[in-house]
Amino acid sequence: MNSITLKTFASFVILVLFQVFIFNQMNLFGYINPMLYVLFLVNYRFDRNQTLFIFIGFLLGFFIDLMSQTGGAHTIASLSVSFLRPIIIRNAFGITAELPKSFQSDPRIINKAVFLLFFILLHHLIYFVVVYFSWDAFSLILKSTSLTAFFSLLLVVIISSLFKPTK
Amino acid sequence: MQRIINALVQFRNPILYFFLLGFSLLFLSSRSSFHQNKIGELGFYFSSGLYKFSNSINQYFDLKEKNRILHQENTQLKALALKKNAPFLYDPYLGNPKRFPFKIRNVNVIKNSLLNQRNYIIIDKGTEDGVQTEVGVITSNGVLGIVKSVSKKYASVISILHQDLKINVRFKHSNAFGSLVWKGKGPTEFSVEDIVSSAQLQLGDTIVTGGMSSYFPYGIPLGTITHIENDSNSGYYIMTAELFENPSQVYAAYVIENKFKGEIDFLNKEAKP
């Protein structure tokens, strides 16, 4: 086990625990629970095996669902987002440019912001669509998605800026 | 085999994704009864569409039987409707005042024609089903003809499209009566004869059967007047009427049999010198 795998594994465990025991209990303004665990899916290296990544995304959501006694919404959202990540990367960083090896190592700030925004919005949209699962709650889904995505984005930016990019 | 494995390897990401998605949907529905209901509703939405489709196909194959049942039901309703039309003979306090001695059977037309000047129709019931000669045949919107001869399973009918057949008619809003004759033009174009010009009539008046003959009860609607001409020489109207229904395109019909026809015929014979 090399150090990168170890770090990845450690961040997986830590993020799941943080998400379940801290961020899922926050209830900001009554109903906003920011989702920090998206950070793991963002930071996972871009040049790794995509199949393994889909499986890890599935496991991440699955553990959070299991431990926080919710349905399968986290599982479906994080699984779908890990499946769609290459498409988001291609759209955010451009097809012609050389693809970055990981999120943190890339210097282009605007591209990174676009990537982060789309990634988190898509994840939250899928999550809330699965949670409400009804056409009647359309406006409610949009409202929850935008508000929670804002706080998640804020948290992800703050937390990732605390740690220096690994070389 | 190699190709299948290659395809599996090539599409391993979508395959894995959809497999895990299916698993998480199962997980979702097992953990949350709300989502279980919602997913069930979705399945019901699709399956109900399928059921509707298969039902419409099944109904199509049932149509013949359904038609038979409807025809039978219509026969009973027809009898009730005609009975309601029958004129009051005496005050209703004295019991059922309407005399309606008619019996109705449903038949199907199996051969029809309109090209001759004297047309005949064949229907699919005969003596075995109780059809006799000299009884009337009506349709849902008019009169078809009079039974001429009967075999065991079939009967031939003098069509209303026959130049020698005269049908006793009267008007819905006037008591003037006359007879309806086909002149060999269009299949719905008839002339109405023997109506005295003192009667008050208008274009568009409805013609109904008169009830004077023993064949048809009073009040079967036949058609409307499309042309009136007052012929001052003869003292009779010259009139054209348009039938509600084209008699050459009828499939379902009813044989209407007067139980007292023998008595009436006997009296008619006696009255003649």
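**View 1. A nonpolar patch on the surface of chain A.** In this predicted model, Phe9(A), Val13(A), Ile14(A), Leu17(A), Phe18(A), Phe21(A), Ile22(A), Phe63(A), Leu66(A) and Met67(A) come together as a nonpolar patch on the surface, and their accessible area adds up to about 900 Å². Two elements of chain A, helix H1 (3–21) and H3, each give two or more residues to the patch. The leading contributor is H1(A), with six residues. If you would like a landmark to start from, try Ile14(A), a patch member that lies in helix H1 of chain A.

**View 2. Where chain A meets chain B.** Here 24 residues of chain A are in contact with 17 residues of chain B. The two chains bury about 1800 Å² between them, and 76% of that area is on carbon and sulfur atoms. On the chain A side, look for Thr51(A), Phe83(A) and Phe133(A): these residues lose the most area to chain B, together 30% of what that side buries.

**View 3. Polar and charged pairs across the interface.** Between chain A and chain B, three residue pairs are in polar contact, with both partners at pLDDT 80 or more. As for salt bridges, the rule finds zero across this interface.

**View 4. The helices of chain A that face chain B.** Helix H3 (50–67), helix H4 (73–93) and helix H5 (109–132) of chain A each bring at least two residues to the side that touches chain B. H3(A) gives the most to that side, with eight residues. Sorted by class, the side of chain A that touches chain B holds 13 nonpolar, 10 polar and one charged residues.

**View 5. A salt bridge within chain B.** Side chains of opposite charge can pair when their charged atoms come close. In this view Lys66(B) forms a salt bridge with Asp62(B), and their closest N and O atoms are 3.9 Å apart. Lys66(B) and Asp62(B) are separated by about one helical turn, because they sit four residues apart in helix H3 (residues 33–85) of chain B. For context, a search of the whole structure finds eight salt bridges over all chains.

Definitions and conventions: Residues numbered from 1 in each chain as written. Chains lettered and ligands numbered in written order. Predicted model: local features only at pLDDT ≥ 70, side-chain atom pairs only at ≥ 80, totals over all residues. Heavy atoms only, no water. Contact = heavy atoms within 4.5 Å. Buried area = accessible area lost by both parts, 1.4 Å probe. Salt bridge = Lys/Arg side-chain N within 4 Å of Asp/Glu carboxyl O. Polar contact = N/O pair within 3.5 Å; in protein donor to acceptor, adjacent residues only side chain to side chain. Nonpolar A, V, L, I, M, F, W, Y, C, P; charged D, E, K, R; others polar. Patch = residues over 30% accessible without salt bridge, like charges linked within 9 Å, V, L, I, M, F, W, Y side chains within 5 Å. Areas by Shrake-Rupley, 256 points an atom, 1.4 Å probe, with all protein chains shown as cover.
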